[in-house]
Amino acid sequence: FDVSCAPILAQQKRLRGIVVVFHDITELKKLEKMRKDFVANVSHELKTPVTSLIGFTETLLDGAMDDSELKTKFLNIILNESKRLQSLIQDLLELSKIEQEHFMIKWQSVSLRDVLEDTLIILKEKAHQKSIILEVLPSSKSLALGDPYRIRQMIINLVTNAISYTPAGGHVWVQVRDTKDDVELMVKDTGIGISEDQIPRIFERFYRVDKGRSRNQGGTGLGLAIVKHLVEAHEGRIDVSSEIGKGTTFTITFKKA
Ligand code: ADP
């Protein structure tokens, strides 16, 4: 609580009473803490790849260049860390744009099935490389209200995660379904799953169930935070059901056009 007091004075400045105002600043403090945590996280996430870029470049200049095997190994690390930095910067810029108060999507009637099929073309290769079968289940042709560019972004993030957190040989299914009043987009995998207590946290910026695994998959920890904001901008809903070791299903509900 933030407390402020003021005297109530009668004639000849005699004290008649005191006004005490209690101002509940819990929410304000919470926001301030979230902002500080975010800045600390961003700094850490940016510093880690930069430190390793400098370290490996210095080692190369100090003589590691002469060993051709080592040179290739270090250059690959430098390339991967640079790509991580690039994804992180892209996601940070995207999130900051989406989080702005006046962020608006371009509403139109969208065939979710068409956007899904277009988007999967670029994701099929990624799945194939990991020996994962990525399949579109028979889907509704219903039109949803939304922004095709943003819907594509949500599909990319959810399907990329499904591929990342599913062991080789697994399966990822996507489907558009009608409900009574809405249209749903489902992404289901046979992956590692998420425990019930972690589910509410996965939409937080930089929250990862397993930091090491996320890093290895090239994750920035921002994908689901972006999806959540985009779902909100669509006035939609996102639901998650999951079982450890069995798999996870994300379902986004859109308004029907
Ligand atoms: P990241 O870049 O780490 O994947 P996200 O914001 O996309 O960040 O996801 C947050 C965390 O949620 C991930 O680090 C992972 O622990 C968990 N997660 C997301 N999608 C899945 C999934 N399909 N299966 C299992 N865990 C998942």
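The following exercises concern salt bridges in a predicted model. In this predicted model, local features need pLDDT of at least 70 and side-chain atom pairs count only at pLDDT 80 or more, while totals for chains, interfaces and linings use all residues. Residues are numbered from 1 along each chain as its sequence is written, and side-chain values use heavy atoms, with hydrogens and water left out.

**Exercise 1.** State how many salt bridges the rule gives.

Solution. A salt bridge is a side-chain nitrogen of Lys or Arg within 4 Å of a carboxyl oxygen of Asp or Glu. By this rule, the count is 18.

**Exercise 2.** Describe the placement of the salt bridge between E94 and R150.

Solution. Step 1: the N to O distance of this pair is 2.7 Å. Step 2: E94 belongs to helix α2 (residues 68–99) and R150 to helix α4 (residues 148–164), so the pair ties together parts 56 residues apart in sequence. Helices here are DSSP runs of H or I with at least four residues, and strands are runs of E with at least two, numbered from the N terminus. Step 3: both E94 and R150 are buried. Buried means under 20% relative accessible area, exposed over 50%, and partly exposed in between (1.4 Å probe, protein chains only).

**Exercise 3.** Describe the salt bridge between D178 and K256 in the same steps.

Solution. Step 1: the closest N and O atoms are 3.5 Å apart. Step 2: D178 lies in strand β6 (residues 171–178) and K256 in the segment after β9 (247–255), so the pair ties together parts 78 residues apart in sequence. Step 3: D178 is partly exposed at 41% relative accessibility, and K256 is partly exposed at 31%.
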